[in-house]
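Let's walk through this one together, from a single side chain out to the whole fold. Have the model open and turn it as you read.

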Amino acid sequence: MCRLQTRLSAALILFLGAVAPLRGQSQWLGPLEGRAFWIEMVRPDIEDATFASSAWQVGFRAPLTPSLALVGDVPFAYGADEDFDADETTTIGNPYFGIEYTGAGGRVTTELGVRAPLVSE
């Protein structure tokens, strides 16, 4: 049994060492309870982008009943190029609003919502 555990541990270490980290992925916050507010920020890895260039997402969760909650988020981005001072852009994205349902015992959570198409392409 000890040899099997050693082999499984070695295989797991090799697997985890071979997997490259994903960049720009949202952090998994897990199911939230009660009232919640969060801010998520991602910086681009783009040559000539200024230090302040970033993408943000501001979100909230507001309980309506013990099993229903109103959820939403608004994304926005700021970008600037170090070479061109006039190339600054701030954009607010399409806001998301939805309803979150949590089943008995909190084991199953379902969310249904829409992203309002306020921003032109």
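Start with L68, which counts as partly exposed at 32% relative accessibility; that label covers everything between buried (under 20% relative accessible area) and exposed (over 50%), using a 1.4 Å probe and protein chains only. Before going further, keep in mind that this is a predicted model, where local features need pLDDT of at least 70, side-chain atom pairs count only at pLDDT 80 or more, and totals for chains, interfaces and linings use all residues. Numbering runs from 1 along each chain as its sequence is written, and side-chain values use heavy atoms, with hydrogens and water left out.

L68 sits in strand β3; strands here are DSSP runs of E with at least two residues, helices are runs of H or I with at least four, and both are numbered from the N terminus. Leaving aside residues up to four places away in sequence, L68 touches P63, I99, E100 and Y101, where contact means heavy atoms within 4.5 Å. Its C-alpha is 6.7 Å from that of I99, although 31 residues separate L68 and I99 in sequence.

Now zoom out. The protein chain has 1 helix and 6 strands, and reading along the sequence gives α-β-β-β-β-β-β. Of its 121 residues, 16% count as buried. Take the contacts between residues at least 6 apart in sequence, and 33% of them join residues at least 24 apart.

How do the strands around β3 fit together? Strand β2 (residues 54-63) pairs with strand β3 (residues 68-79) in the antiparallel sense over 10 bridges, pairing being called when DSSP finds at least two bridges between two strands. A hairpin of 4 residues takes the chain from β2 to β3, and G59 stands opposite D73 in β3. Strand β3 also runs antiparallel to β5, with 6 bridges joining them; here D73 has Y96 of β5 as its bridge partner. Then there is strand β4 (residues 89-92), joined to β3 by 4 bridges, again antiparallel. Look for Y78 and you'll find its bridge partner in β4, T90.

Back to D73, since its side chain is worth a look too. D73 counts as buried, at 10% relative accessibility. The side chains of R115 and D73 meet in a salt bridge at 3.2 Å, N to O, a salt bridge being a side-chain nitrogen of Lys or Arg within 4 Å of a carboxyl oxygen of Asp or Glu. This pair links distant parts of the chain, with R115 in strand β6 (residues 109-115) and D73 in strand β3, 42 residues apart. On the other side of the pair, R115 is partly exposed, with a relative accessible area of 42%.

D73 has another partner in Q57: their side chains make a polar contact of 3.2 Å. A polar contact is a pair of N or O atoms within 3.5 Å; within protein, one must be able to donate a hydrogen and the other to accept it, and residues adjacent in sequence count only if both atoms are side-chain atoms. You'll find Q57 in strand β2, partly exposed at 26% relative accessibility. Its C-alpha lies 4.2 Å from that of P75, 18 residues away along the chain.

How many salt bridges are there? The count comes to 2. Besides the one at D73, R61 forms a salt bridge with E100, the closest N and O atoms being 2.7 Å apart. It, too, links distant parts of the chain: R61 is in strand β2, E100 in strand β5, and their positions lie 39 residues apart in the numbering. Both ends are tucked away by the same cut-off: R61 is buried at 10% relative accessibility, and E100 is buried at 9%. Why can such a pair form? Side chains of opposite charge can pair when their charged atoms come close.

Finish on the outside. The accessible surface of the protein chain comes to about 9800 Å², with 61% of it belonging to carbon and sulfur atoms; areas come from the Shrake-Rupley method with a 1.4 Å probe, and for residues only the protein chains shown count as cover. On that surface, F37, I39, M41, W56, V74, F76 and I92 form a nonpolar patch with about 650 Å² of accessible area together. Patches are made of residues with over 30% relative accessible area and no salt bridge, like charges being joined within 9 Å and nonpolar side chains (Val, Leu, Ile, Met, Phe, Trp, Tyr) within 5 Å. β1 (36-42) and β3 each supply at least two residues of the patch, and β1 gives the most, with 3 residues.
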